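Me: I have a chain open in my viewer and would like to talk through its fold with you. Could you take my questions one at a time?

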Amino acid sequence: FSTVNAAAQKSPATEPLRIIRISDLQTATPNQPVTVHGWVRSVRPVSRRAAFLSLSDAVESVQLRVEREVVGEAAFERVTNMSPDSVVSVTGTIRS
């Protein structure tokens with residue numbers, strides 16, 4: 001199980017957006033915006049401000065950190081109410 005901290009956020013229009021596989025996150029450049037696709041395995045709210053989203057693709061898994069302040073109230077509520085096996089695309093920034 002790979003763990004990469006990422007906070008979903010809007011990417012600046014000047015930076016190209018990379019769509020990658022979860023396995024590619026290990027070699028991605030920190031502070032670079034990326035989009036990954038996969039199935040929700042679990043959602044674990046850790047406070048009123050953040051939640052961990054476990055996401056899997058056909059090969060790998062990753063844990064994402066979703067911050068209410070970054071994604072907004074409506075998106076945070078959607079994330080925390082997702083059911084397992086939901087199919088999602090997540091855009092965020094790799095944090096080291």
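Me: In what order do the helices and strands run from the N terminus on?

Reply: Happy to start there, with the reminder that this is a predicted model. The chain holds two helices and six strands. Read from the N terminus, the order of these elements is β-β-β-β-β-α-α-β.

Me: Where in the chain is the confidence lowest, and where is it highest?

Reply: The average pLDDT of the chain is 83, and 81% of the residues score at least 70. Residues 1-14 have a pLDDT below 50, although the model gives this stretch 43 contacts beyond near neighbours in sequence. Where pLDDT is low, the predicted coordinates should not be read in detail. By element, the lowest mean is 45, in strand S1 (residues 5-8), and the highest is 96, in S4.

Me: What share of the contacts with a separation of 6 or more joins residues 24 or more positions apart?

Reply: For background, the chain has 96 residues, and 40% of them are buried. Its accessible surface is about 5,800 Å², with 50% belonging to carbon and sulfur atoms. Among contacts with a separation of 6 or more, the share from residues 24 or more positions apart is 57%.

Me: Which residues touch the most other members of the largest nonpolar core?

Reply: In soluble globular proteins, nonpolar side chains tend to be buried together. Here the largest nonpolar core has 18 residues, and S3 (33-45), S4 (50-56), S5 (61-67), H2 (73-80) and S6 (87-95) each supply at least two of its residues. The members that touch the most others are Leu25, Val36, Leu55 and Val90.

Me: What does valine 36 contact, leaving aside its neighbours within four places in sequence?

Reply: Valine 36 is one of the core residues with the most contacts to other members. With the neighbours within four places set aside, its contacts include Leu25, Leu55 and Val90, which are also in that group of four. The full set is Ile20, Ile22, Leu25, Leu55, Val88, Ser89 and Val90.

Me: Why do the buried residues of H2 lie on the same side of the helix, and what arc do they cover?

Reply: The residues in question are Ala75, Phe76 and Val79. Their cover includes S3, S4, S5 and helix H1 (68-71), while the face turned away from the buried side carries the exposed residues Ala74 and Arg78. The buried residues share a side of H2 because the arc they cover around the axis is only 100°.

Me: How many residues apart in sequence are the parts tied together by arginine 41 and aspartate 85?

Reply: The side chains of these two residues meet in a salt bridge, at 2.5 Å from N to O. Arginine 41 belongs to strand S3 and aspartate 85 to the loop between H2 and S6, so the pair ties together parts whose separation in sequence is 44 residues.

Me: What else is in contact with arginine 41 besides Asp85, once neighbours within four places in sequence are left aside?

Reply: Arginine 41 is partly exposed, at 40% relative accessibility. Its C-alpha atom is separated by 8.8 Å from that of serine 61, 20 residues apart along the chain. Besides Asp85, the contacts of arginine 41 are Ser54, Ser56 and Pro84.

Me: Which residues are joined into one network by salt bridges that share partners?

Reply: The whole structure has six salt bridges. One of them links aspartate 24 and arginine 21, with the closest N and O atoms 3.4 Å apart; aspartate 24 is partly exposed at 22%, whereas arginine 21 is exposed at 54%. Another links glutamate 73, partly exposed at 46%, with arginine 68, at 2.5 Å between the closest N and O atoms. The network joined through shared partners consists of Arg65, Glu67 and Arg95.

Me: Near what value is the positive phi of asparagine 31?

Reply: Asparagine 31 sits in the loop between strand S2 (18-19) and S3, and it is exposed, with a relative accessible area of 58%. Aspartate 85, also not a glycine, has a positive phi of about 75°. For asparagine 31, phi is near 70°.

Terms used. Residues numbered from 1 in each chain as written. Predicted model: local features only at pLDDT ≥ 70, side-chain atom pairs only at ≥ 80, totals over all residues. Heavy atoms only, no water. Core = buried A, V, L, I, M, F, W, Y, C linked by side-chain atoms within 4.5 Å. Buried < 20%, exposed > 50% of the residue type's maximum accessible area, 1.4 Å probe, protein only. Helix = DSSP H or I, 4+ residues; strand = E, 2+ residues; numbered from the N terminus. Contact = heavy atoms within 4.5 Å. Arc of directions from axis to C-beta. pLDDT = per-residue confidence, 0-100. Areas by Shrake-Rupley, 256 points an atom, 1.4 Å probe, with all protein chains shown as cover. Salt bridge = Lys/Arg side-chain N within 4 Å of Asp/Glu carboxyl O.
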